[in-house]
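Colleague: Please take me closely through one part of this model, the contact between the two protein chains. After that, tell me how the two chains meet the DNA.

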Number of protein chains: 2
Amino acid sequence: MNHSSSHAREPLNVDKLVEAAAKLFRQQGYAATTTRQLSGDLGIQRASLYHHISTKEDLLFEISIRSLTQIIDAVSSAVDAAPPDQRMRTLISAHLATALSGQDMHATMLIELDHLSSERRAAVVAKRAAYERLVGREVGQAQAAGLLRGDLSERQLTLALLNLLNWTIFWYRPDGADTPTSLAAWMGDVFLLGAEPR
Amino acid sequence: MNHSSSHAREPLNVDKLVEAAAKLFRQQGYAATTTRQLSGDLGIQRASLYHHISTKEDLLFEISIRSLTQIIDAVSSAVDAAPPDQRMRTLISAHLATALSGQDMHATMLIELDHLSSERRAAVVAKRAAYERLVGREVGQAQAAGLLRGDLSERQLTLALLNLLNWTIFWYRPDGADTPTSLAAWMGDVFLLGAEPR
DNA sequence: GTCTATACTTCGATAGAC
DNA sequence: GTCTATCGAAGTATAGAC
């Protein structure tokens with residue numbers, strides 16, 4: 001049950017490596033994070049890292065793909081299980097719950113894309129586009145059902161929604177005033193009902 | 001009128017340095033940008049940089065302070081010149097116009113804060129807080145005037161608005177479908193009126 | 001699977017001439 | 001105010017023993 005000590009040497013696996021890397025990448029940025037810090041935090045020597053990965057970039061790629069797989073799976077299954085008139089609110093709360101539970105990975109994925117090789121960057125860009133299409137599809141269906149206004153385009157509503165959700169990841173602190181659940185409630189209110197009185 | 005050639009050697013000043021640095025910092029991140037690239041883009045030798053600045057960090061600090069000074073001045077004067085019922089829409093369009101006209105500087109200011117020394121970071125944090133208070137004050141006054149709903153807190157409406165505005169800086173491209181003006185119009189619509197039909 | 005030791009590269013910044 | 005030349009520190013990754 002000793003989670004804090006670096007002496008309790010449980011077997012090191014890639015999951016632990018990815019988690020520690022995401023924390024550092026988010027705090028300091030990918031480029032400023034050194035393999036010395038990473039191995040230090042894990043309680044191993046630098047050279048031991050290279051038994052599990054072959055370059056530092058592997059970690060950034062793994063973080064990016066995992067965070068996108070997570071949010072795509074979580075949001076699409078949550079939305080599909082929701083009643084038709086609750087799909088948008090369900091999307092908002094599933095997105096925030098997932099992104100904020102893996103905040104280090106998600107923030108890193110959103111901001112460090114340019115440090116990947118071109119092949120890997122293309123793979124991450126494609127996966128991000130797939131998620132954004134998923135959100136766009138929900139918006140479009142809600143518009144067709146009359147649940148969202150039709151005088152703005154699907155693209156405009158989708159971009160506004162993603163703005164609202166994505167920037168949250170950069171300022172949210174778990175010890176602050178909000179939980180992911182409370183956040184989803186009032187952000188849903190602002191997005192769906194607007195800031196002017198109804 | 002030769003703006004593109006590095007042979008037309010106009011006198012180099014700190015403004016040009018800051019501009020070139022902001023472009024690189026946004027494209028590659030502060031930590032990954034080298035003084036070799038910067039001097040190369042400016043058509044001078046590395047050592048010549050240090051006649052104008054003393055460290056690379058000076059440039060990041062200058063970028064952060066300048067972008068915040070710009071947006072505080074632009075938004076507060078625009079809002080003060082607007083009729084009471086147009087202050088929120090004016091804030092949105094002034095914010096977007098300013099931030100997107102200095103997109104490299106603003107994106108850098110928003111994302112690279114942690115690479116400043118603690119004293120300089122504190123100065124930038126304070127200035128960012130001042131801007132956010134300015135926005136919060138507008139939101140609070142609009143609530144008091146009945147122009148914005150009172151069943152959400154000033155803090156919630158302000159955070160939602162800043163989310164909407166700030167993340168835009170990271171995906172907006174001047175050659176895309178939107179101008180800062182058109183963007184401000186539909187983002188104002190989403191924020192003020194909401195995504196559901198009225 | 002982790003270690004010690006190190007090869008090799010690139011970095012920010014400085015010295016001092018012109 | 002820009003140059004040539006270089007310093008010392010720090011980086012990623014590898015070699016090879018255990």
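Modeller: What follows goes from the symmetry of the pair to the chain contact and then to each DNA strand.

The model is predicted. A turn of 180° with a shift of 0.0 Å along the axis lays chain B on chain A, with an RMSD of 0.0 Å. That is the relation of a two-fold axis. The contact surface follows suit: 100% of the contact residues of chain B recur in chain A, so the same surface serves both copies. In chain B, the residue that comes closest to the rotation axis is G194(B), with its C-alpha at 1.7 Å.

Now the contact itself. Chain B gives 41 residues to it and chain A gives 41 residues. Between them the two chains bury about 3,700 Å², and 61% of this is on carbon and sulfur atoms. Three residues, R149(B), N163(B) and W167(B), supply 20% of the area that chain B buries against chain A, more than any other three residues.

There are also polar links across the contact. The count of residue pairs in polar contact between chain B and chain A is 28, with both residues at pLDDT 80 or more. The count of salt bridges between the chains is 2. One salt bridge joins the side chains of R155(B) and D178(A), at 2.8 Å from N to O. Four helices of chain B each supply at least two residues of the side that touches chain A: α1 (14–28), α6 (103–111), α8 (154–171) and α9 (180–193). Of the elements on that side, α8(B) gives the most, with 13 residues. Sorted by class, the side of chain B that touches chain A has 24 nonpolar, 9 polar and 8 charged residues.

The DNA comes next, beginning with strand D. DNA strand D is surrounded by 16 residues, and the closest are T34(A), T35(A), R36(A), Q45(B) and S48(B). Of the atoms of DNA strand D that come within 4 Å of the protein, 56% belong to sugar and phosphate. Among the phosphate contacts, an N or O atom in the side chain of S48(B) is 2.8 Å from a phosphate oxygen of DNA strand D. From chain A, the side chain of Y50(A) places an N or O atom 3.0 Å from a phosphate oxygen of this strand. K56(A) uses a polar backbone atom, which is 3.0 Å from a phosphate oxygen of DNA strand D. The elements that each supply at least two residues near DNA strand D are α2 (35–42) and α3 (46–49) of chain A, together with α3 (46–52) of chain B. The largest share, 5 residues, comes from α3(B). By class, the surface near DNA strand D has 4 nonpolar, 8 polar and 4 charged residues.

DNA strand C has 17 residues around it, of which Q45(A), S48(A), H52(A), T34(B) and T35(B) come nearest. Here sugar and phosphate make up 51% of the strand atoms that come within 4 Å of the protein. The side chain of S48(A) has an N or O atom 2.8 Å from a phosphate oxygen of DNA strand C, and for the side chain of H52(A) the distance to a phosphate oxygen is 2.9 Å. R46(A) meets a base instead: a polar side-chain atom lies 3.4 Å from a base oxygen of DNA strand C. Two or more residues near this strand come from each of α3 of chain A and α2 (35–42) and α3 of chain B. By class, the surface near DNA strand C has 5 nonpolar, 8 polar and 4 charged residues.

Methods
Residues numbered from 1 in each chain as written. Chains lettered and ligands numbered in written order. Predicted model: local features only at pLDDT ≥ 70, side-chain atom pairs only at ≥ 80, totals over all residues. Heavy atoms only, no water. Least-squares fit on C-alpha atoms with pLDDT ≥ 70 in both. Contact = heavy atoms within 4.5 Å. Buried area = accessible area lost by both parts, 1.4 Å probe. Salt bridge = Lys/Arg side-chain N within 4 Å of Asp/Glu carboxyl O. Polar contact = N/O pair within 3.5 Å; in protein donor to acceptor, adjacent residues only side chain to side chain. Nonpolar A, V, L, I, M, F, W, Y, C, P; charged D, E, K, R; others polar. Near = heavy atom within 4 Å.
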